[in-house]
Each structure stands twice: as structure tokens, then as C-alpha cells.
Amino acid sequence: VEASIPEPQREAWKRNQITSFTDKDGFEKEVVRHVETTLARSMFNCDEIAAYSATSLAFRDRLITHWNRTQQRQTYRDTKRVYYLSLEFLMGRALDNAMLNVGLKNVAQDGLAELGFRIEDVVKQEHDAALGNGGLGRLAACFLDSLATLNFPAWGYGLRYRYGIFKQEIIDGYQVEVPDYWLDFNPWEFPRHDVTVDIQFFGQVNKKTVGGKTISVWEAGEIVQAVAYDVPIPGYDTPTTNNLRLWSSKASGGEFDFQKFNSGDYESSVADQQRAETISAVLYPNDNLERGKELRLKQQYFWVAASLYDIVRRFKKSRRSWNEFPDQVAIQLNDTHPTLAIVELQRILVDIEGLEWDNAWEIVTSTFGYTNHTVLPEALEKWPVGLVQHLLPRHLQIIYDINLFFLQSVEKAFPDDRDMLRRVSIIEESQPKMVRMAFLAIVGSHKVNGVAELHSDLIKTTIFKDFVEIYGPDKFTNVTNGITPRRWLHQANPRLSELIASKCGGNDFLKDLTLLNQLEKHVEDKQFRKEWAEIKYANKVRLAKHIKDTTGVVVNPASLFDVQVKRIHEYKRQQLNIFGVIHRYLSLKAMTPDQRKKQLPRVSIFGGKAAPGYWMAKQIIHLINSVGAVVNKDEDIGDLLKVIFLEDYNVSKAEMICPASDISEHISTAGTEASGTSNMKFVLNGGLIIGTCDGANIEITREIGESNIFLFGNLSEDVEDLRHAHTYGSHTIDSDLDKVFNEIEKGTFGTPHDFSAMIAAVRQHGDYYLVSDDFHSYIETHQLVDEAYRNQDEWIAKCITSVSRMGFFTSDRCINEYAEEIWNVEPLAVDRHSIWGP
Ligand code: NBY
């Protein structure tokens, strides 16, 4: 039912249009009003949390009026929209970003100061919205920022987890997981209790004949309600405010099943409710690992079905023909997690809307695009056929039909290649049979992309090779990842951003990052270099203080800060880094005091979470902490080496860490890291990187120049042969690495047995990640880093030159490529003065 105000009464609404605050006085009024009414407090009990809450509410009011106008305008114009389906949105904090994007941070800073608060302290009260694991989730968040900034009509769809990624505590050197209950007070979401969708599970499929036509009817076994929660996404320096819609699960029919309740079955009605709420309760904490749990499949279908219902409902309002659906709707699948959307749309079109299969399938494949984020075999999603059959019986039938028609076409095109059918089948004929989600995503999309050039080449020549033969190369493309410079430069590093603005003609570079190239002509400017160096130093002082406050270890900010922060994973090779640190420690120990005096002091900083079930990753964390415990109190060593593990690495900590790095480590085994995005964040903040020829490191090198990056290690084309040689030839370990292992086994860093599996992985189990093969080159390259750092003047010049050439890596460029090559959507230009539109 449309609940619209009739024309004669609209005059009153327009007369009473909300005007948002624009100056300090207006802002203060709003803060005081929220403290005294919304929060029911007063100046006598207004602490920093209350100041944060009231400030957020003041900005939220502003965002939501812009949100309303943006949505009205998009509806009125009825242009094509983009829907970004992602199980993860790693948003971090919202307030600072909202203030900067709206352009009123200075107003808020002055207003808060007058009211008795420091804005930095107020901003820190906010809990991170941590609805993601790592790169994939943060990429989705950067994309939302760019979509809004570039004025694209776009929605994100995800799940409103009650618990985000766990909070990491380090106890006795080991990771301990603590639940992340973040929804206590969240001013950034709007519950839409009127926007609900009933989602069905289980049950059976019956055939019915309607008007001479046989149709399949899915009778539900269980129904769960999806409730929408909307999060406004402000663009930078534009009124466009897009929407992130997160679904929360709830028992259908309200809080209790009243039937059961009234008949005395109280316990079971509560149990039903809890079972329903479990669906959106918790984010699965694995990155690059698939574990095939039934609840995870339920999450996926719940979210996908609610989102598609919403999208289809919006499309139907325009009363267009179904064939126009792909002209109005582009849906991007962030990895294979939302692949069921393909099946669900086919089901809606065929079973509910009565379209012919072929017609429906044409619409479906024109609508979807699929982004792949990994080639690691253990991360490729597969679901047991039996599980899909049980939970989603009609969808399994549709998957089989999709597969049948697909295989028929393959057979026609490749009549002589019998093995081809087995290789590309969506159903893997294993025991038990499995649905291969990546293959389903390819077959059901019109474009498939990787996230960096090497990665996009690799998927075409390895895991998806057959599909390139079947569909031709044009279906496969590359969109190299990017990051939003608003959060990752302007917000994280305000002083550097300001210095850059002073050389680049103002803040325009934040919307056109290629303007950074204007920095290059100032590289020789002594005063500029000095200010640059001062800012880096101040950022290191800030991090050193955080290290002192959280670990008790005092580090010297004049040391070289060497940082590796990312999820802990064997393929990312934190073990290579810590073995290298041990090697450095042993070298220092072997020196005379005079020799030591000539050495460059270093702080090795680690951070990152291990998936709770990933035992080896947890051992790596333990080794890092054990090495730190020995090295940090060794008086022979002093400032020459410190080893720090930062607890609970997350988005807001990254905003402090990236600006404080001198060198950061991106050292995955070649061919394993699809792109990496923190590499971009570190370089953009004036840090150099050491890395392998992997992922986006390769394109970063191409942009900033080989002399500004420290590359080492074997190349991806040689990895297979090396692995083969380890297994079938004689495998000798690098002699320096051997010494490191011997020292661990002597008990220098605690009970040797604790680390025996890490050593065995290299010595006995084939060294799958090539730690030994790359060790020598890694150590040598770190020596080059030391030498380069000694010449501070040249080092700073390298940093400035690198930043000036980073324009390519903005997520704005990335979103424009998706818009043009995959989505075929245009921005909806906004008129700043008449936001109401035409
Ligand atoms: O996506 C990361 C890649 O490792 C990184 O190289 C790339 O830069 C980034 C953005 O494209 N992938 C990633 O973060 N993946 C996950 O977090 C993830 C989470 C869950 C599952 C798989 C992968 N899962 O199957 O449940």
C-alpha cells in the first residue's frame, strides 16, 4: 500500500522542509538538543560517550535528509541501479568519515571544543563496524564510498550480524577470541520494521497445472522473516547519500508463535525464535577458507532471497516488461558467496512470474557479474548436493537444469573432448557430490573479473581455463582493486593530506587522485621534504605511544618501523617475516659492541587475526610473541631490534598504523595473493614496501618505478616446478634458515615443541609456500632496505615520488571501470542547489 501525501497537503510538507546545520552554532544546538532529549542527559552527566552519541545523531539527521532526497531523485529518474551483494562490509568507524565527507569536520571540532570536548577523543568512542574478515570486506566498504562520491545510484546488500569479526586478545602469547557485540548503541542504522520479507527453507516441491501449464511450487518447511536495517553512505563533497541495506533475521509472525504459546508450549516457541535469530547472529571468521556449514548456507540464501525480493519489488514499481530488467538492474557478486542469487532470480522469473526458461535465463545472465578474489583451492566454495537438496529443494532442481543446458551446449561445441564435460560440470561427481559455486557463478554471469592483472591472468590459465575456451576470452576481464583516498589518506593522515593539498592546488586530488602527480615537481624542495619527514615522524610517535600503552614496550620512533598487518595465513608468510627477524637477532648477537653501534635500529611490527580453527596460524602468532618476549628484554640488543605484536588489528587501528610505517611487508608466495589492498594504503601514506612479484605489487611497481620498491623472491611461473622438486627431488633447506630453525629447537624462544610443526612444514612437508626458496633473497633485500634508509634524504624522495604516482589505485578508478565495462550504468548528476531534482 502506497502511503503518499496527497497533492494539496504537500505544500505544508515543503514549507516545513528540514534545514540542516551549516555552522558551529547550529551544530552545538543540535548536540545539546540530542544530549537533553534523545539521550535524556544534561551538561551535568555528559561524558565522551554521550558527546559521541549526540554528535553522531546530529550528523545522522543530516545524512538521512540527504539520503531521502537521493532516493527520491533516483526513484523519480528511474535510471539503472547497481546492487553490490557482499556477505561482508568492513566499514570501520562512521563518524569521522561522515564529518569529512559532508565537509563539516572543522565546524564540529570548534563546536565540540566550545562544549568542552576534544574531537579526537570523541571520535575514538565509536566501536568499529567490523562485519568482515579482511581485504574482501574492506574492498566492499571502499566501493560504497566511491559509488556515492561518484553519484552512482547504487545499493549495498549484506547481513546485519549481531557479532562481527571477533575481538582478538593476546594472553600468554596466544590468540584468544572474544565476541564482538557491537550493536549496543548504533546511531548509524535505521531499522525498517515495515520492510520485511518472509524467507522459506526446507519443505518440498510439488508440480501443479495452471491453465494447461505445469509449474513447480515450493512448499515451505520453515519460514524466517528478514527485517531491513538501512545504513546511509555519504559521498565525499556531494549530496548523494546511498544506502547499505543489511538484513536481520527474526521469527516470522512476531516474537512468539502465539499458537504454541497459548497451547502451553512456551519453551518451543522461544526455541523457534532463537533458531530464526541465529541466522544473522554471527559472521563466519574464516578468510580464504570454506568450511561448508549448513548455517552458512542458510545465511547465504536468507540474504540473497531477501535482497532479490527487494530488487524485484523496486523494479516492478516501474511497470516495465521483464526484458528491461537488465537495463534497470546490475547485480555484482562479491565472490561466490551470493551465487544462489542467480538461481533465485531464475526461480522467481520461471516459477512465480511464469516466463519461459530461455527468456528468463537470458535476463539472469545479462544481470549478473561475478568477481573472483582467490585461486587458493581451499577457498573455492563447494556445497554438498545433499545439503542443498534438503535446505533448498527447488533450487537444486534449477541448478541441475542450468547444468544440463550448459553441458549440452559444451558437448555440441566440443564433441571430441569427453573429459571436458566432467571438468566443467557445475556438479562435481565426487563422493559426496558437490555443487561448484564458482562454476555456477561463471555460467550465470555475463562478466567475470579478477582483482589484479596477474590474478586475472592466472584465473584464465588455471582454475577457469576451460571456461575461457567455452565462452571466449571476452567474458573474462580484470579490474585492479583500489582504495578510497578519503578514508585512507585524508581521514587517516590529515597532516599529510593537508601538506599534499598545499602542493596540488587544494583538495581536488581527493576526487581525482591522478592530481597527485603534481607532487613530483616538488621532490627536490628541501623544505617540503623536511615537512614530509616531520609528519611521518609524528605519526610514528603516535604509534609508539599506542605500542607503549598496549604492550608496555618502549620503542624509539627514530628506528625503522617495519610493519606486516593483515590476516595471519601461511600463504601471506608471516612465518617468513619472523624467521627473518630471528636471523637478524642472531646476527646482532654475533657482533661485537662496536659493530652493533653501526647497525640501524628496527621495530618489527605484526598484527592480524588468525581464523579460530586455523591451528598453524595461531602457532605463528605464538612464535612472534615468543620471539618478542626474548628480544625485547635483551640488553645486548636494546633499541637495535624490537618485536611487537599489536592486538586486535582492525580498520581503525589500520588508520593509525598505515601512516606510521617506513616499510611494510607484502610477501605472499608468488601467485597466491589475488591483489592485496593494504600495499596501496601504505604507499599512499608515504611508506615504501618490500614484496614479492604478486597481486597488485606488480602494478604498483609499474606505476611508481622499480627503484622505489623492494622486490624479492621467486616468480609465480616457477612456483609449480619448485613445489614439484621439493616433493620428488632432494630438498635442501637454505643454510641461514637452518640456523634459525636450530636456534628455535635449542629452546631460545621457549619450548621448542610448540614450534615444531612450523619447522616441519618447511623441512619435512614439502615447503608448499616456498619459505626456504625465498629466504636468502628476502634477507638480502632487507639489507638493501637498511642501506637505503640510512640515506634519509633519498628515502624521503622515494616516498614522495611514490605517492605522486599512486593515482591509479583509487577505488574511484576501479568503480568507473566496473560501471563502464560490466554494469553499463551512468552517474546521476546532482544539482547542488536544487537537490530536489527536476
Ligand atoms: O580479497 C582478499 C584477497 O585475499 C586479497 O588478495 C584481495 O586484495 C581482497 C580484495 O579483492 N580475499 C579475502 O579477503 N577473502 C575473504 O575474506 C574470504 C572470506 C570468507 C570466505 C572466503 C574468503 N569464505 O569462503 O567463507
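This report covers the ligand site and the residue Ile402 in a predicted model.

## Where the ligand sits

The ligand occupies the largest cavity. Its shell is made up of 20 residues, and Arg296, His373, Asn481, Glu673 and Gly676 are the closest of them. Helix α7, which spans residues 135–149, supplies the largest share of this shell, with 3 residues.

## Polar contacts of the ligand

Two side chains and one backbone position are described here. In His373, a side-chain N or O atom lies 2.7 Å from an oxygen atom of the ligand. For Glu673, an N or O atom of the side chain is likewise 2.7 Å from a ligand oxygen atom. Gly676 takes part through its backbone, where an N or O atom is 2.8 Å from an oxygen atom of the ligand.

On its own, the ligand has 560 Å² of accessible area, and the protein covers 97% of that area.

## Ile402 and its surroundings

Ile402 belongs to helix α15, which runs over residues 393–413. The relative accessible area of Ile402 is 3%, so this residue counts as buried, the cut-off being under 20%.

Which residues is Ile402 in contact with, leaving aside its neighbours within four places in sequence? They are Trp357, Trp361, Ile426, Leu440 and Val443. As for Phe439, this residue is 37 residues apart from Ile402 along the chain, and the C-alpha atoms of the two are separated by 11 Å.

How values were computed:
Residues are numbered from 1 along each chain as its sequence is written. This is a predicted model: local features need pLDDT of at least 70, side-chain atom pairs count only at pLDDT 80 or more; totals for chains, interfaces and linings use all residues. Side-chain values use heavy atoms; hydrogens and water are left out. Helices (H or I, at least four residues) and strands (E, at least two) are DSSP runs, numbered from the N terminus. Buried means under 20% relative accessible area, exposed over 50%, partly exposed in between (1.4 Å probe, protein chains only). Contact means heavy atoms within 4.5 Å. A residue is near a molecule or strand if one of its heavy atoms lies within 4 Å of it. A polar contact is a pair of N or O atoms within 3.5 Å; within protein, one must be able to donate a hydrogen and the other to accept it, and residues adjacent in sequence count only if both atoms are side-chain atoms. Accessible areas come from the Shrake-Rupley method with a 1.4 Å probe; for residues, only the protein chains shown count as cover. On a 1 Å grid over the protein atoms alone, a cavity is a set of points where a 1.4 Å probe fits but cannot get out, and a pocket is an open set with protein on both sides within 12 Å along at least five of seven lines; lining residues have an atom within 4 Å of a point. A molecule sits in a cavity or pocket if more than half of its atoms lie within 2 Å of its grid points.
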